[in-house]
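Visitor: Hi! I have a model open on my screen and would like some help reading it. Can we walk through it together?

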Amino acid sequence: MVQSLKSPPARQRERWFETLARAGYSLLFIGLLPLIALRLLYRSLSQPAYRKSWSQRFLGKVPARLLATDVDQADPSEGIGPRLWLHAVSVGETRAVAPLIRAWLTRHPHGRVMLTQTTPTGRQTAQTLFEDLLGSRVFLAYCPLDFPWAVHRFLSELRPDALVLMETELWPNLLAACHTHQVPVALVNARLSERSFQRFRRLAWLSAPALGGLAAVIPQSQVDAQRFQTAGANQVLPAAGSLKFDVQLDPHQIAVGQAWRSRWSHRQVWLAASTRDDEEEALLQAFAEQRPPGVLLIVVPRHPERFDRVENIAAGYNLSRCRRSKLPESLDQDMQLLLGDSLGEMQAFVAASDLCLIGGSLLPLGGQNPIEACAQGRPVFFGPHMFNFESLAQELLDCGAGFRIASAHAFVHEAYELGRSLPRQRLCSQAARSFVEARQGATEKTLDVLDALIR
């Protein structure tokens, strides 16, 4: 752990500057309030859930059910256990943190978790993952926006013993409020891409105080650790790996996916997972032009509001298609495209496929995390833009589980060639599964740090 020691006068000057910087940031953020509200309303046109729970987002109101548990204990003699606030932005972060939450609750039989998200899809994922614990030990809310009044109210009502943030989710007013309320903050599964690192350095007047106030940073890799230290974090622990390697596979979803696959045993099945921002345009064009024989392409857009848009793109290229929501017992022999228009079934889609193209990598969007596909032994393809997962992508290339392609056309060609060689495909599959298994264990390391913070 790296600590920074400074003289009292120097520290006093820094505090004055930090206060002024955060005040300027707060004024700017408050000025954006109308635009933030309009953006939520706009997104609610395709996802009505964005119109709900504004008292949580804008005012920091804590759900009454959690507050009631203070006086509604099943066994009052046992007392009230520790209360952990954990923020996971959306679907990927929520799935990644699920094993950590369940392990923490096992360690603390009377503990409770307030799990916050930013997106409705993230919240829906949490409702599915923690269906058995909702309302008793796991409580859901939308994270308050970084307005001073909202974060202070949320902390005052919730009174958490610690706050856990995922990856790079740092908000200056929230962290300052945690300092005021004496709530230690841990940044877990922490990663900092080169692009984000440079942005932090440009905004050092705002980001350095935020990083410096963290009680613990648990980086995924040594590269991440060095970047966080350089950017201003003091309490940087040794790299623990990624929580996403401890992914829990859902037996029900796996069974569903395998049942699909058994129906399509005579075909190659490719999955394009979490595609974004019209990447599908290039992918479906390449697929339509080459039309690889006997291949079924499954496309799962990252955002539900784009399901219809992707189907329209496919129609423009005259691809025979079916939506998951209308999936028949068996697909037609010449069916070329299955549109994954459901939520929370990514593991089923992976189980039904032979290989996976990682969305967000064909365009300069940074890519998505490929671990969930590798955990089921699927070779992964990704485009030239994996800068959010650069070290992970390189490790997959080195071990033979990953393939970097220059374009959608290159993907169609190389995926078809891999599918024609079953021995090569099996080697790549085993390499992917071994890659994940060798890197598991971050959950236990993270739990030890959280217990130390709470004590």
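Visitor: To start, how many helices and strands are in the protein chain?

Guide: The protein chain has 20 helices and 13 strands. Keep in mind that this is a predicted model.

Visitor: Okay. And what is the radius of gyration of the protein chain?

Guide: The radius of gyration is 23 Å. A compact globule with 455 residues would have one near 23 Å, so the two agree. Along the principal axes, the C-alpha trace spans about 70 × 45 × 45 Å.

Visitor: What share of the residues is buried?

Guide: Buried residues are 54% of the 455. As for the outside, the accessible surface comes to about 20,000 Å², and 54% of that belongs to carbon and sulfur atoms.

Visitor: What about contacts between residues at least 24 apart in sequence?

Guide: Those make up 69% of the contacts between residues at least 6 apart in sequence.

Visitor: Let's zoom in on β8. How many of its residues are buried?

Guide: Seven of seven, across residues 295–301. Val295, Leu297, Val299 and Pro301 are on one side, Leu296, Ile298 and Val300 are on the other, and both faces are covered. In a regular strand the side chains alternate between the two faces of the sheet.

Visitor: Which strands pair with β8?

Guide: One is β7, residues 268–275, which pairs with β8 in the parallel sense over seven bridges. To get from β7 to β8, the chain passes through helix α13 (residues 279–290), and this β-α-β crossover is right-handed. Another is β10, residues 337–339, also parallel to β8, over three bridges.

Visitor: And where does Ile298 sit in those pairings?

Guide: Ile298 is the bridge partner of Leu271, and in β10 Ile298 is partnered by Leu338.

Visitor: Which residues touch the most other members of the largest nonpolar core?

Guide: That core has 38 residues, and Trp264, Leu271, Ile298, Val380 and Leu396 touch the most other members. Elements giving two or more residues to this core include β7, β8, β11 (355–358), β12 (380–382), α17 (390–399) and α19 (422–437). There is also a second, separate core of 34 residues, with Leu155, Leu187, Phe197 and Phe228 among its members. In soluble globular proteins, nonpolar side chains tend to be buried together.

Visitor: What is Trp264 in contact with?

Guide: Beyond its neighbours within four places in sequence, Trp264 contacts Val269, Leu296, Ile298, Leu327, Leu331, Leu338 and Ala352.

Visitor: Switching to polar residues: is Ser274 buried or exposed?

Guide: Ser274 has a relative accessibility of 14%, so it counts as buried, the cut-off being under 20%. Ser274 is in strand β7. Setting aside residues up to four places away in sequence, Ser274 touches Val300, Pro301, Arg302, Met346, Gly359, Gly360 and Gln368.

Visitor: Arg302 is on that list, so where does it lie?

Guide: Arg302 lies in the loop between β8 and α14 (307–316). With a relative accessible area of 27%, Arg302 is partly exposed. Apart from neighbours within four places in sequence, Arg302 is in contact with Ser274, Thr275, Arg276 and Gln368. The C-alpha atoms of Arg302 and Arg323 are 15 Å apart, with the two residues 21 places apart along the chain.

Visitor: How about Arg95, buried or exposed?

Guide: Arg95 is buried, at 17% relative accessible area. Arg95 is found in helix α5, and its contacts, not counting neighbours within four places in sequence, are Thr125, Leu129, Gln347 and Glu372.

Visitor: Thr125 is in α6, right? What do the buried residues of α6 pack against?

Guide: Thr125 is indeed one of the buried residues of α6 (residues 120–129), along with Pro120, Thr121, Gly122, Arg123 and Ala126. The buried residues of α6 pack against α3 (54–59), α5 (91–107), β2 (112–117) and β3 (138–142).

Visitor: Last one: why is α8 described as largely enclosed?

Guide: Seven of the nine residues of α8 (residues 172–180) are buried, so this helix is largely enclosed by the rest of the structure. The buried ones are Pro172, Asn173, Leu174, Leu175, Ala176, Ala177 and Cys178. After α8 comes Gln182, which has a positive phi near 55°.

Definitions and conventions. Residues numbered from 1 in each chain as written. Predicted model: local features only at pLDDT ≥ 70, side-chain atom pairs only at ≥ 80, totals over all residues. Heavy atoms only, no water. Buried < 20%, exposed > 50% of the residue type's maximum accessible area, 1.4 Å probe, protein only. Helix = DSSP H or I, 4+ residues; strand = E, 2+ residues; numbered from the N terminus. Pairing = 2+ DSSP bridges. Right-handed = clockwise from strand over helix to strand, strands pointing away. Core = buried A, V, L, I, M, F, W, Y, C linked by side-chain atoms within 4.5 Å. Contact = heavy atoms within 4.5 Å. Rg over C-alpha atoms; globule rule 2.2 N^0.38 Å. Areas by Shrake-Rupley, 256 points an atom, 1.4 Å probe, with all protein chains shown as cover.
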